[in-house]
Amino acid sequence: MVCQRGRGKKEVGRRKYNTCVIRRTAAVAAAKAAAVLSRRLRFGGGTALPGLVAERIDPDIVPALVLGLGQGSVLVTGTNGKTTTARLLRSIARAAGLRAVANRAGSNMMRGIASALVEAAAWSGEMASAGKRLGIFEVDEATLPHAASSVRPRAVVFTNLFRDQLDRYGEVEHVAQVWRATVDELPSDVTVVLNADDPAVASLADVARGRVITYGMTDTSSGVGTLEHAADARWCVSCGSELSYEAVCYGHLGHWRCPQCGKSRPEPDVQCGRLDIGAAHLDLTLWLAQGHVTARLPLTGLYNAYNALTAAAAASALGLDRVAIERGLNAFTAAFGRQERMQVAGREVQVILAKNPAGLNQVIRTITANGSQTDLVLFLNDNIADGRDVSWIWDVDFELLAGKARSVTVSGARAWDMALRLKYAGIQADGGSSPHVEPEPARALRQALEATPAGGTLYVIPTYTAMLQVRDLLARWAGRGAFWEGE
Amino acid sequence: MKGLTLRVAHLYPKLMNIYGDRGNILCLQRRCRERGIEFEVQGLELGDKLNPTDCDLIFAGGAQDREQRRVAVDLAKVKGKPLKEAVKRDVAVLAVCGGYQLMGRFYRTAEGEELPGAGVLDLHTVHPGPHAQRFIGNVVVEWNGTTLVGFENHGGRTHLGAGVEPLGRVVAGFGNNGEDGGEGAVYRNVFGTYLHGSLLPKNPRFADHVIETALRRAHKDFRLNDIDDTIENAAHAAAVRLATRRSIIG
């Protein structure tokens, strides 16, 4: 696109085009080389570095390479559920016979998108089987405006908006404003896919110029019933009054209504009409315009049911058919850090990333749902990617764990903060002892495994950077490849 | 300490609870109950009246700008006057972050809008604009011969007037305005601070100081007995280590 700039004089234009192509080729080549190198040197899988290199050489690499995606692109943003929703959508795209180009889990800023595009492109910058290529990019809440203008997506999907890393993203209200401004500027041929159950997300429909598709949970029998402490958008976007809820799913998601001005949850276009949450599976029936979809997923927890619903809504916004949605959902496999199960030292280990109150509340409800005593290890880091402010743990309902934990280990740079929070929540392990504190991650993980009975399940609940540490340790101990292989 | 009750008026718990402020209430409750002191907390939302003779401690937490605007209106119309009356009667006040800003004379937002405060503290806060650096990070403050630890995250710069003292001196972090080395403010029995994290659980001595201040009004020379603070002290020490190490690196 940008290469065609300055076409005023033909000659100048042609020369410019040539330098542009050269620069593009150089950018792709250098980025591909960086990817190979960083994998060989095990620099964390090379998820961001190639994109960084490519963007440095050619700042317009993303707008140029997306032109090779014959099926266009979709962006997935929101506080929680981006990675799993994007992954579910990839599975659906695959079932529809498309070839997805997607950024790696959590690498959701511009350089992550650039890396994915470079990897999919040939050395020339051309995309093989371009006609079947669909870009599926998860995008950090703050990166959305830039991503929307560079990628020029066919659809933008919003999951939810919760308080998350206030030191990094700013206030929830600030993120909401950025989203409104972005949606307001989207061309009218872009479809916006919105969560009807989240008042802050649903109200983006007010500023959308193009088609809007909403999705929501109609079966609320698995909901938490009342608003949790971590509920954020409890005020009406239009008039500021306190919203009332007919049903609460979790956080502030539910069937909401403003008693003052009458604004209320829109009737969703795509609905989850039936939901059964098992210990290791979700069984759901989705209602789409094209008919019903039934699926069983190797995930659990209400928040993951939302992810499946969101992916189905996104797929129908992209015009993918019902059969592909059903096949794609049923073919889904869990990812590392998102409930993937693995065997380590005779125990089943499940790593579940948790980085904000709404997410961690859902994780706690999920792991305590089957009534048996749980073994868990919590890792709390305070690096930039985790959020440097650990105040958020005081907004989590750890009290739900009381009496349900057999062994609790806490670790990470802020292990003592977590230990203190658990003391307040009245969490004591089996014998009435306090949680075991071991700031050093490898030792903590080993001790937590030892505290878990053979054949039992250990839940590992890390913040983002802790997940990267844990992942490498577990991959080594379980004798398998690093996470980025086969993802 | 039988028969004692700490009565807390929690201002705007639904509107002003953004930075783990629940931890402060949980802490007051726990530290009272462990000493056999009854604990009562009353949440006062927009429109609810504050009775200055009805409480020993008034608590206000942090909020986003939008909520702060609505609180400012309520302070002006409903709660500002009784709040001043309570301060005059030496009721203890603990105000954190946004709550702290609104205890002052005014808060000028990033957009230049001036929100009137309750005026119980002689200070004002100015946000230099949407592009100004936010003061974000771990803080260590020298207070009363010991330290306070917490996390700050504010765009507003607070400047103290002649009538108030800073709560402490900044050892690591920004504090009130990033210039004069002061953090927070004290006037009579009012404590204002930018520190959350949550503030009280990790600062057990300060938490006890607030409780004692609140109860001494009715019970002169009241002192709390020591309780087991092993985990509290470990968390405090770890926070000091992290904050000071990082400030050296930059």
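This passage describes the nonpolar cores of the structure and some unusual spots in its backbone. The model is predicted, so local features need pLDDT of at least 70 and side-chain atom pairs count only at pLDDT 80 or more, while totals for chains, interfaces and linings use all residues. Residues are numbered from 1 along each chain as its sequence is written, and chains are lettered from A and ligands numbered from 1 in the order in which they are written.

A good place to start is the interior. The largest nonpolar core (buried Ala, Val, Leu, Ile, Met, Phe, Trp, Tyr and Cys residues joined through C-beta atoms within 7 Å; buried means 20 or more other C-beta atoms within 10 Å of a residue's own, with C-beta atoms placed from the backbone) has 124 residues, and A:Ala419, B:Leu57 and B:Ile58 touch the most other members. Helix α13 of chain A (residues 415–424), a DSSP run of H or I with at least four residues, numbered from the N terminus, contributes the most, with seven residues. Another core, of 105 residues, lies apart and includes A:Val175, A:Tyr250, A:Ala313 and A:Leu320.

The backbone of chain B holds some surprises. A cis peptide bond, with omega about -15°, links B:Gly197 and B:Ser198; B:Ser198 sits in the loop between β14 (190–193) and α4 (199–202), strands being DSSP runs of E with at least two residues. B:Asn144 is not a glycine, yet its phi is positive, about 55°. This residue lies in the loop between β8 (135–143) and β9 (146–154), and counts as exposed (12 or fewer neighbours) because it has 11 C-beta neighbours inside 10 Å.
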